[in-house]
Amino acid sequence: MKERLHYLDGIKGLACLMVAACHYHALFGAAFWGLDTLAARTDWFYNGPLCVRMFFLVSAFLLAVKVYRSEEQHMVQHTVIKRYLRLALPLLAVTLCIWVMEQAGVFHNMELTDLCQDPDYTGGYTEPHSFYQVFTTSLGTTLLSGDCSFNNKFWMMTWMFYGDILALIMALVTRCRRRAAFALFGVGIVLTLFTVQNLFPFMLGTALAYWYVHIRQEKKTEADSCRRNRVLSGIGWTLVFLGAALVIEFKGYLIVALDGVAERIPELGFLINGNTYNAIGILFLLLAVMHLSVLQRILGCVPLRKLGNVSYYVFLVHWPIMCSFSAGVFLHYRGMMADELLARILFCVTMGITILVSWIFTVTYERICTRVTKTVLDRV
């Protein structure tokens, strides 16, 4: 990519924090916070499904922009291999750590099951896995078939892998077909809406990348030619940003209103799927950010950018840390102070440890991943 879009790094950093907060709130918050004012006022910050779609869309966008601006002859082969290794090698290291932790018996999440009353979040780590499973899952079944043996949050890994391949194919197909590109994107978006909706954000991200590379530059030149145009553009895109935020916040009302339509026509089930509105809202939020320099500076600040650089490891390690360290500390100190206070203090400590562990992985193991990937690509 010719220019580094730092605000996208910031968005990834913010999204990874939101995913971790969502899972922490589910593990500890249901029993201790309930519908407490803090939880109600920070509902966006605990919206895990929204953040997952944000990762999907941004991932497809970045990959597609790279394809549109590349002239490599072996783009497909190299990109697929690189993407697989980029996902699988860090997954292998974290899975190995989880296996060691299972053997040591450091997971305490199941002891919170009676308190949380939510086995979906407290399940897992009940029986040690074999060493052989470390490799078969991290290098194969987790990415290819959604195996969640070592972490029930790894379900999105499969969609990340196949979604990126879809974005790659769509970007290659539309790279030299400007007239047909809009029709192809329209067909792809409709097909994913009616069939595999988890791929819908990837289609939107690829379409956004096409617009960014082939159309935005021309429009930007025209808009920048007049101060009046810049002011009107800023006002317009601010309204778009607010409108997209409202769609995400109040999508529940849309779902209720369209429930009867979806009931009569089952094929329109996506109309009552909150993730459809999440993806559409994120698309327009990103469009607005791309036109609003103030938001770009905020999201591109150094702390969020640094966090975005370790966001993948934050996703990989936050749940094992919560189910071992956080759960153990909570159970040990419970009764010494109010559950709410303990849970909130522990949240801050857990986030700090998660970011620290992610940074350590990035500055050490990530270098090994880079060398392995380069060696493999050189031999292909």
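**Stop 1: α3 against α14**

Start by selecting helix α3 (residues 48-68) and helix α14 (residues 274-289) in this predicted model. The two pack with their axes 9 Å apart, at an angle of about 55°. Roughly parallel would need an angle under 35 degrees and roughly perpendicular one of 65 to 115, so α3 and α14 are oblique to each other. Look at the handedness too: α3 passes α14 in a right-handed crossing.

Now show side chains where the two helices meet. On α3, pick Pro 49, Leu 50, Arg 53, Met 54, Leu 57 and Val 58. Facing them on α14 are Asn 275, Asn 278, Ala 279, Ile 282, Leu 283 and Leu 286. If you colour this contact by residue class, you will find nine nonpolar residues, two polar and one charged.

**Stop 2: α13 against α14**

Keep α14 on screen and add helix α13 (residues 251-264). Here the axes lie 10 Å apart and the angle is about 135°. That value makes α13 oblique to α14, and the crossing of this pair is right-handed.

Which residues of α13 meet α14? Select Lys 251, Leu 254, Ile 255 and Leu 258 on the α13 side, then Gly 274, Tyr 277 and Asn 278 on the α14 side. By class, the contact of α13 with α14 holds four nonpolar residues, two polar and one charged. Asn 278 is worth a label, since α14 uses Asn 278 in its contact with α3 and again in meeting α13.

**Stop 3: the whole chain**

Zoom out for a moment. You are looking at 19 helices and zero strands. Of the 380 residues in the chain, 48% are buried. Try drawing the contacts between residues at least 6 apart in sequence: 79% of them join residues at least 24 apart.

**Stop 4: the nonpolar core**

In soluble globular proteins, nonpolar side chains tend to be buried together. In this model, the largest nonpolar core has 111 residues. Select Phe 61, Met 157, Leu 208, Tyr 212 and Leu 316, the members that touch the most others. Which helix gives the most to this core? It is α3, from your opening stop, with 15 residues.

Next, centre on Leu 316. Beyond its neighbours within four places in sequence, Leu 316 is in contact with Pro 90, Leu 91, Val 94, Asn 151, Phe 154 and Met 157.

**Stop 5: Thr 142**

Move to helix α7 (residues 131-145) and pick Thr 142. Is Thr 142 buried or exposed? Its relative accessible area is 3%, and buried means under 20%, so Thr 142 is buried. Setting aside residues up to four places away in sequence, Thr 142 touches Leu 91, Thr 137, Asp 147, Phe 154, Met 157 and Thr 158. Of these, Leu 91, Phe 154 and Met 157 are also in contact with Leu 316.

**Stop 6: Leu 166 and Ser 293**

Go on to Leu 166 in helix α8 (residues 155-174). With 22% relative accessibility, Leu 166 is partly exposed. Outside its close sequence neighbours, within four places, Leu 166 is in contact with Thr 192, Leu 199 and Met 203. Draw a distance to Ala 60 as well: the two C-alpha atoms are 8.5 Å apart, although 106 residues separate them along the chain.

Finish at Ser 293 in helix α15 (residues 293-299). Ser 293 counts as partly exposed, at 40% relative accessibility. Its C-alpha atom is 9.9 Å from that of Tyr 7, 286 residues away along the chain.

Key. Residues numbered from 1 in each chain as written. Predicted model: local features only at pLDDT ≥ 70, side-chain atom pairs only at ≥ 80, totals over all residues. Heavy atoms only, no water. Core = buried A, V, L, I, M, F, W, Y, C linked by side-chain atoms within 4.5 Å. Buried < 20%, exposed > 50% of the residue type's maximum accessible area, 1.4 Å probe, protein only. Helix = DSSP H or I, 4+ residues; strand = E, 2+ residues; numbered from the N terminus. Contact = heavy atoms within 4.5 Å. Axes fitted to C-alpha atoms, helices over the stretch in contact; angles between N-to-C directions. Parallel < 35°, antiparallel > 145°, perpendicular 65-115°, else oblique. Left-handed = near helix turned anticlockwise from the far one by under 90°. Nonpolar A, V, L, I, M, F, W, Y, C, P; charged D, E, K, R; others polar.
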